[in-house]
Amino acid sequence: MLIKQPPDVPESEVTPRDHFLNRRRFLAGTTMAGLSLGAGAYLFGKSKNSQAESIQKLVAPRHAEFSVDEKPNSYKDVTTYNNFYEFGLGKDQPAENAHTLKTRPWTVRIEGEVAKGRTIGIEELLKLAPLEERVYRFRCVEAWSMVIPWIGFSFAELAKIVQPTSRAKFVQFVTLKDTAQMPGQKSWVLDWPYLEALRMDEAIHPLTLLCLGVYGEVLPNQNGAPVRLIVPWKYGFKSIKSIVAIRFTEEQPTTTWAKQGPSEYGFYANVNPEVDHPRWTQASERRIGELRRRKTLPFNGYAEQVAKLYQGMDLRRFF
Ligand SMILES: Nc1nc2c(c(=O)[nH]1)N[C@H]1C(S)=C(S)[C@@H](COP(=O)(O)O)O[C@H]1N2
Ligand SMILES: [Mo]
């Protein structure tokens with residue numbers, strides 16, 4: 001999502017992802033072969049590539065009504081093709097670099113226009129409401145998409161507990177800022193910490209997920225551990241990762257990408273095939289793992305559930 005970057009590389013210029021990844025694994029294997037077996041095993045045990053083996057299970061029943069029937073992308077796609085600029089700009093960099101993020105202990109500060117502002121620890125957050133698996137479409141503004149089995153509960157469950165006041169019109173979300181844990185923050189690609197926000201009615205819409213896991217496990221670091229947002233009808237940049245604070249506000253808060261490129265990334269960022277990004281079309285998308293492009297659906301296919309939130313709004317103006 002770097003603003004100077006093209007949305008997605010044309011198919012013709014791409015090494016099929018799987019080949020690329022297999023090649024990388026092959027090369028890693030070759031390096032390892034030069035070491036003694038013991039040292040190799042040690043390195044492998046500590047390596048980020050083996051993170052998946054030690055990751056904690058987080059199983060939850062599937063919410064059928066909120067899940068799409070499409071085939072989910074592979075675990076590998078979901079955990080190695082990421083956007084998380086705190087760990088580098090390349091899609092493969094978060095998986096390689098995010099092992100420096102410490103997700104325990106972890107707290108989320110809830111403040112602003114709420115009757116019961118407080119700080120919640122991650123263990124308590126995991127038990128705040130029954131966990132559900134929701135298979136959502138996920139559409140990045142760069143015009144690629146995936147289908148992902150997230151785990152969590154509606155953000156509305158948390159809102160209910162902290163009791164927003166009548167002045168609360170928006171909710172702002174804040175990512176951790178710590179250059180030691182997030183080395184990408186040493187460079188000025190974005191104004192850190194990463195900030196996102198939703199209008200109150202969007203935040204408490206039942207589809208808006210406070211996400212704690214994916215694929216039956218707690219979130220891998222590169223996917224925004226230990227807690228992130230998923231807003232499936234909006235471009236992926238709204239789905240902020242590694243949240244440390246949630247602020248209920250009266251005024252519309254600033255958001256990182258709207259500040260970075262106000263003509264390119266709006267506050268609303270609803271998936272809209274009729275409103276192109278200034279530098280590329282949003283009418284179609286590349287589903288990771290597929291060759292033919294798909295047509296992009298209004299609100300990413302969730303129009304029936306969410307279009308009513310925007311009745312009477314000019315969505316070209318409020319993009
Ligand atoms: N803190 C933070 N959150 C972030 C980002 C980021 O760079 N930093 N990237 C966003 C973008 S552009 C996308 S597409 C999604 C990617 O989520 P995924 O890597 O789990 O697929 O995370 C979003 N949340
Ligand atoms: Mo994105």
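Arg294 and Glu290 pair up in a salt bridge, with their closest N and O atoms 2.8 Å apart. Neither partner is hidden away: Arg294 is partly exposed, with a relative accessible area of 31%, and Glu290 is partly exposed too, at 27%. The pair does not stand alone, since salt bridges with shared partners link Glu70, Arg137, Arg287, Glu290 and Arg294 into one network. It is worth keeping in mind that the model is predicted.

Across the whole structure, the search turns up 20 salt bridges. One of them brings together the side chains of Lys91 and Glu142, at 3.0 Å from N to O. Lys91 sits in the loop between α4 (75–80) and α5 (93–97), while Glu142 sits in the loop between β3 (132–139) and β4 (144–154), so this salt bridge ties together parts that are 51 residues apart in sequence. Here the charged partners are out of the way: with the cut-off for buried set at under 20% relative accessible area, Lys91 counts as buried at 15%. Glu142 is buried as well, with a relative accessible area of 2%.

Another salt bridge joins Asp201 to Arg199, and the closest N and O atoms are 2.8 Å apart. This one has mixed surroundings. Asp201 counts as partly exposed, at 30% relative accessibility, whereas Arg199 is buried, at 14%.

Zooming out to the chain as a whole, the secondary structure adds up to 10 helices and 12 strands. The chain has 319 residues, and 53% of them count as buried. Lys91, Glu142 and Arg199 are among the buried residues. As for the surface, the chain exposes about 15000 Å², and carbon and sulfur atoms supply 56% of that area.

How do the contacts spread along the sequence, and what percentage join residues at least 24 apart? Taking contacts in the chain between residues at least 6 apart in sequence, 73% join residues at least 24 apart. The salt bridge between Lys91 and Glu142 fits into this picture as a link between two loops, because the parts it ties together lie 51 residues apart in sequence.

Definitions and conventions: Residues are numbered from 1 along each chain as its sequence is written. Chains are lettered from A and ligands numbered from 1 in the order in which they are written. This is a predicted model: local features need pLDDT of at least 70, side-chain atom pairs count only at pLDDT 80 or more; totals for chains, interfaces and linings use all residues. Side-chain values use heavy atoms; hydrogens and water are left out. Helices (H or I, at least four residues) and strands (E, at least two) are DSSP runs, numbered from the N terminus. Buried means under 20% relative accessible area, exposed over 50%, partly exposed in between (1.4 Å probe, protein chains only). Contact means heavy atoms within 4.5 Å. Accessible areas come from the Shrake-Rupley method with a 1.4 Å probe; for residues, only the protein chains shown count as cover. A salt bridge is a side-chain nitrogen of Lys or Arg within 4 Å of a carboxyl oxygen of Asp or Glu.
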